[in-house]
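The exercises below are to be worked with the sequence and the coordinates at hand. Each task is followed by a solution in steps.

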Amino acid sequence: MSEFENEIAEMIIEVLNLEDISVDGIDAEAALFGEGLCLDSIDALELALVISQRYGFQVKADDADNKNIFSSLRALAGHIEANRAG
Amino acid sequence: MNPYPLIARNDFDRVWIITAEDQLTVGEVLFQARTLSQQLPDHPCCLLLCEQRINFIIGFLAALWRGQTVLLPPNRLLNVTLSLLDDYPDSYCLTDTDAGVCDAELFRYDYGTAVQGSITEVPLIDSTQQACLVFTSGSTGKPVANAKLWGDLVRGARLLQLRYGFTEKDYLVATVPPQHMYGLETTVLLPMMNPVSVYGGMPFFPEDIRQALSLSSKPATLFTTPLHLRICVQARLSWPELRQLISATAPLSREDGIRAEREFCAGLGEIYGSTETGAIASRNTVNEQSWTLYDDVKLLFDESGVRVLARHLPHRPILSDRIEALDDEHFLMYGRTSDMMKVAGKRVSLADLNHKLNAIQGVEDGVFMQVEAASGDVSRLCAVIVSAELSQADVINVLRQQIDPVFLPRPVFKVDTLPRNETGKIPRSEMVKLLSILMDR
């Protein structure tokens with residue numbers, strides 16, 4: 001896991017109160033929703049809000065590849081890194 | 001048995017559905033609906049899974065035109081879809097995504113790839129036609145059907161219109177899915193009967209919502225939920241001019257109402273309703289604590305609970321909220337009765353969740369609880385279990401197969417024993433005490 005993926009994993013655990021999960025317990029390639037971490041759409045909203053506050057850009061669902069953005073930790077970290085302000 | 005026209009608007013050249021790419025007039029929507037109705041598979045029931053509102057509206061019109069009953073699932077989880085197909089073997093899926101459903105007959109529709117045209121033909125639909133079955137997640141995890149006749153849907157939507165008085169100057173945007181009764185009434189049925197425009201997409205993140213609201217020069221009405229309002233208020237976006245905000249699915253506090261009105265510079269109204277009844281009352285959250293019933297809707301208090309009397313609700317559904325009548329038109333609402341809980345607009349029985357939890361092999365004892373959330377937050381459920389062999393993740397893995405994801409306990413705590421009293425019950429005070437210790441741990 002890259003340093004930035006680690007940072008995003010920590011953010012997910014912190015924002016969503018996933019107290020029973022550690023960063024090491026997240027597979028960077030595994031699905032965040034449904035399977036894997038089992039997040040749902042409410043979590044996606046919470047994460048999008050914190051992403052906009054910390055990384056200075058708005059997540060959009062109608063990005064053509066939206067399903068890919070939240071598909072895994074690696075995909076999410078990649079999307080944030082590519083779109084972050086500054 | 002009076003028939004009602006499929007749409008009660010004859011402004012065929014006016015824009016009905018707006019998307020980021022397109023604007024479809026009433027005549028164009030009708031053309032799409034008629035064409036699709038002729039192509040739909042020959043089955044009595046249509047499981048309408050379309051995610052984009054424009055595809056949903058056209059699919060809904062087409063199925064009605066064809067005389068089919070539309071099945072509206074509580075969510076798009078595969079096990080829910082399969083369970084519905086199991087219960088209604090004479091159905092097929094109408095969808096606009098690639099999400100495949102094994103075994104079922106699948107019909108793909110996307111307005112963007114369909115042939116374009118415009119007509120002024122409006123069919124009459126028998127008022128006793130079974131228009132749709134709206135499913136709730138159901139306390140047993142198995143979807144529960146709420147049958148709606150076409151005539152009753154029309155009459156219910158008229159009451160909604162009587163309260164809000166939408167005109168051709170209105171543009172409606174919603175964050176709620178059209179499969180949900182609230183989304184169906186406000187963004188599908190109401191625009192079928194009134195000269196409004198509606199956004200054809202499914203905006204989800206605050207930026208999606210902002211863009212959708214900006215697509216028309218008409219000031220928009222945003223139909224949303226307490227959750228989305230809170231997220232939007234925190235998103236620090238610059239919002240276009242709105243006509244009003246309308247929230248439903250869970251009561252909003254006065255403080256959250258004030259925050260939302262300030263952020264959007266628009267008035268906020270709330271709708272009270274349920275899948276069984278549709279919308280039946282409204283309030284101006286910032287100025288009113290009490291709810292005002294729609295015209296011709298009455299509440300009847302009898303031994304079985306609070307029943308709703310209205311011409312379009314002949315079976316007199318019972319409300320599952322605690323209600324106090326103030327007079328014939330006004331009431332106060334105090335949350336759910338008995339063990340029913342609500343998370344993110346979905347209802348679930350606590351007893352049923354506890355039963356499922358304790359039925360898991362390896363769980364010696366367990367209990368679900370709803371954690372009181374900070375104002376406006378979604379109150380999630382958590383669970384406390386006693387188990388020698390299972391981890392928290394094991395328990396979640398089993399539950400995930402059986403219940404809607406919003407009800408999954410977050411987190412699951414493990415303890416040595418639960419504070420049951422001599423009758424086997426867990427006093428709420430004991431549970432609150434235990435939780436506060438676990439949360440601080």
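Buried area is the accessible area, taken with a 1.4 Å probe, that two parts lose on being put together, summed over both. The model is predicted, with an ipTM of 0.84 and a pTM of 0.83. For chain B the mean pLDDT is 89, and 93% of the residues score at least 70.

**Exercise 1. The interface**

Task: Describe the contact between chain B and chain A by residue count, buried area and the residues of chain B that lose the most area.

Solution.
Step 1. Count the residues: 27 residues of chain B are in contact with 28 residues of chain A.
Step 2. Take the area: about 2,200 Å² is buried between chain B and chain A, and carbon and sulfur atoms give 59% of it.
Step 3. Rank the residues of chain B: F205(B), R400(B) and R410(B) lose the most area to chain A, and together they account for 28% of what that side buries.

**Exercise 2. Charged and polar pairs across the interface**

Task: Find how many salt bridges link chain B and chain A, and identify the residues and the elements involved.

Solution.
Step 1. The count between chain B and chain A is one salt bridge.
Step 2. The partners are E46(A) and R230(B), whose closest N and O atoms are 2.8 Å apart.
Step 3. The pair crosses between chains, from helix α2 (residues 41–55) of chain A, which holds E46(A), to helix α7 of chain B, which holds R230(B).
Step 4. Check the accessibility: both E46(A) and R230(B) are buried.
Step 5. Apply the polar-contact rule as well: across the interface of chain B and chain A, one residue pair is in polar contact, with both residues at pLDDT 80 or more.

**Exercise 3. The side of chain B that touches chain A**

Task: State which elements give two or more residues to the side of chain B that touches chain A, and sort that side by residue class.

Solution.
Step 1. The elements that give two or more residues are α6 (206–213), α7 (226–234), α10 (392–400) and β27 (412–414) of chain B.
Step 2. The element that gives the most is α7(B), with five residues.
Step 3. By class, this side of chain B has 15 nonpolar, four polar and eight charged residues.

**Exercise 4. Salt bridges within the chains**

Task: Of the salt bridges found over all chains, examine R14(B) with D11(B), D302(B) with R307(B), and the network in chain A.

Solution.
Step 1. A search of the whole structure gives 15 salt bridges over all chains.
Step 2. R14(B) and D11(B) meet through their side chains in one salt bridge, at 2.8 Å from N to O. With a relative accessibility of 31%, R14(B) counts as partly exposed. D11(B) counts as buried because its relative accessibility is 13%, and the cut-off is under 20%.
Step 3. D302(B) and R307(B) form another salt bridge, at 3.0 Å from N to O. D302(B) is partly exposed, its relative accessible area being 26%.
Step 4. In chain A, salt bridges link E5(A), E29(A) and R74(A) in a network.

**Exercise 5. Loop residues of chain B**

Task: Place T249(B), D296(B) and T97(B) in their loops, and decide for each whether the residue is buried or exposed.

Solution.
Step 1. Most residues other than glycine have a negative phi.
Step 2. T249(B) has a positive phi, near 95°, and is not a glycine. T249(B) is in the loop between β14 (242–247) and α8 (254–264) of chain B, and counts as buried because its relative accessibility is 17%.
Step 3. D296(B) also has a positive phi, of about 70°, although not a glycine. D296(B) lies in the loop between β17 (291–293) and β18 (298–302) of chain B, and is exposed, with a relative accessible area of 61%.
Step 4. T97(B) is in the loop between β6 (91–95) and β7 (106–108) of chain B. T97(B) counts as buried, at 17% relative accessibility. Leaving aside neighbours within four places in sequence, T97(B) is in contact with E51(B) and R108(B).

**Exercise 6. The make-up of chain A**

Task: Summarise the secondary structure, burial and contacts of chain A.

Solution.
Step 1. Chain A has four helices and zero strands, in the order α-α-α-α from the N terminus on.
Step 2. Of the 86 residues in chain A, 48% are buried.
Step 3. Among the contacts in chain A with a separation of 6 or more, 60% are between residues 24 or more positions apart.

Definitions and conventions:
Residues numbered from 1 in each chain as written. Chains lettered and ligands numbered in written order. Heavy atoms only, no water. Buried < 20%, exposed > 50% of the residue type's maximum accessible area, 1.4 Å probe, protein only. Contact = heavy atoms within 4.5 Å. pLDDT = per-residue confidence, 0-100. Salt bridge = Lys/Arg side-chain N within 4 Å of Asp/Glu carboxyl O. Polar contact = N/O pair within 3.5 Å; in protein donor to acceptor, adjacent residues only side chain to side chain. Nonpolar A, V, L, I, M, F, W, Y, C, P; charged D, E, K, R; others polar.
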